[in-house]
Amino acid sequence: MATDAPPPSKGGAGKEPAPHAPSTEEFIEVQESADFAELRSSHRSFAFPLTIAFIAWYLVYVLLSNYAGDFMGTKLFGNINVALVLGLGQFLTTFLIAWFYSRYAAAKLDPKGEAIKSRMETRMEGDA
């Protein structure tokens with residue numbers, strides 16, 4: 001899709017100077033802080049167990065599909081069998097995990113990340 005807008009200029013008249021970019025040392029300092037460690041720990045304590053559980057659930061489904069054909073072909077009602085229900089369960093699980101993660105991130109991770117970001121931006125403004 002083409003646009004009629006010109007490319008951004010590289011510092012024309014009336015432009016504010018670029019903000020101070022954090023140095024490598026400043027990033028390392030934040031990365032080694034207790035707040036960042038807590039943020040990382042909060043993320044890992046949520047993401048790793050759910051990831052392992054979902055992969056296990058997926059592998060069980062694949063293994064059942066390959067080695068338990070009679071069980072997976074068991075009709076539950078009408079033309080609906082165990083394989084179809086478990087396969088649809090994979091989609092449902094994916095959406096539930098995504099929804100649950102977005103709520104968790106908004107409640108627990110985003111506030112911690114914003115606090116770290118605002119402290120870093122405040123320090124950068126003070127250095128400028």
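Is Tyr67 buried or exposed? In this predicted model, Tyr67 is exposed, and its relative accessible area is 71%. The residue belongs to helix H2. Tyr67 is also one of the members of a nonpolar surface patch. Ile55, Tyr58, Leu59 and Leu63 complete that patch. Together the five side chains' residues present about 570 Å² of accessible area.

The overall fold was examined next. The chain holds four helices and two strands. Read from the N terminus, the order of elements is α-α-α-β-β-α. The chain has 128 residues, and 15% of them count as buried. Phe46 falls in the buried class, with a relative accessibility of 9%. The cut-off for that class is under 20% relative accessible area, so Phe46 at 9% qualifies. Phe46 sits in helix H2. Its C-alpha lies 9.5 Å from the C-alpha of Ala105, although 59 residues separate Phe46 and Ala105 in sequence.

Charged contacts were then considered. Side chains of opposite charge can pair when their charged atoms come close. A search of the whole structure returns two salt bridges. One of them joins Asp35 to Arg119. The closest N and O atoms of this pair are 2.2 Å apart. Asp35 lies in helix H2, which covers residues 34-67, and Arg119 lies in helix H4, which covers residues 82-127. The bridge therefore ties together parts of the chain that are 84 residues apart in sequence. Asp35 is partly exposed, at a relative accessible area of 35%. Arg119 is partly exposed as well, at 40%. Exposed would require over 50%, so neither Asp35 at 35% nor Arg119 at 40% reaches that class.

The other salt bridge is formed by the side chains of Lys112 and Glu38. Here the N to O distance is 3.3 Å. Lys112 is in helix H4 and Glu38 is in helix H2. This pair links distant parts of the chain, 74 residues apart. Lys112 counts as partly exposed, with 25% relative accessibility. Glu38 counts as partly exposed too, with 42% relative accessibility.

Backbone distances add to the picture around these residues. Lys112 and Leu39 are separated by 73 residues in sequence, yet their C-alpha atoms are 6.3 Å apart. Asp35 and Gly113 are 78 residues apart in sequence, with 8.8 Å between their C-alpha atoms. Asp35 also pairs up in this way with Ala115: the C-alpha to C-alpha distance is 8.8 Å, and the sequence separation is 80 residues. Ala115 is placed in helix H4. At 30% relative accessibility, Ala115 counts as partly exposed.

The pocket search gave a further view of this region. The largest pocket has a volume of about 160 Å³. Which residues line the largest pocket? The lining consists of Glu26, Glu29, Val30, Ser33, Asp35, Ile116, Arg119, Met120, Arg123 and Met124. Both Asp35 and Arg119 appear in this list, and Asp35 and Arg119 are also partners in a salt bridge. Helix H1, residues 24-31, supplies at least two of the lining residues, and so does helix H4. The greatest contribution comes from H4, with five residues. Asp35 itself is placed in helix H2.

The chemistry of the lining is mixed. By class, there are five charged residues, four nonpolar residues and one polar residue. Arg123 and Glu26 are among the lining residues, and under the classes used Arg and Glu count as charged. Val30 and Met120 also line the pocket, and Val and Met count as nonpolar.

In short, helices H2 and H4 recur in these results. The salt bridge of Asp35 with Arg119 runs from H2 to H4. The salt bridge of Lys112 with Glu38 runs from H4 to H2. H4 also gives the most residues to the lining of the largest pocket. Helix H2 holds both buried Phe46 and exposed Tyr67.

Terms used
Residues numbered from 1 in each chain as written. Predicted model: local features only at pLDDT ≥ 70, side-chain atom pairs only at ≥ 80, totals over all residues. Heavy atoms only, no water. Salt bridge = Lys/Arg side-chain N within 4 Å of Asp/Glu carboxyl O. Buried < 20%, exposed > 50% of the residue type's maximum accessible area, 1.4 Å probe, protein only. 1 Å grid on protein atoms, 1.4 Å probe; cavity = no way out; pocket = protein on both sides within 12 Å on 5 of 7 lines; lining within 4 Å. Points joined across faces, edges and corners; volume = space filled by probe spheres on them. Patch = residues over 30% accessible without salt bridge, like charges linked within 9 Å, V, L, I, M, F, W, Y side chains within 5 Å. Areas by Shrake-Rupley, 256 points an atom, 1.4 Å probe, with all protein chains shown as cover.
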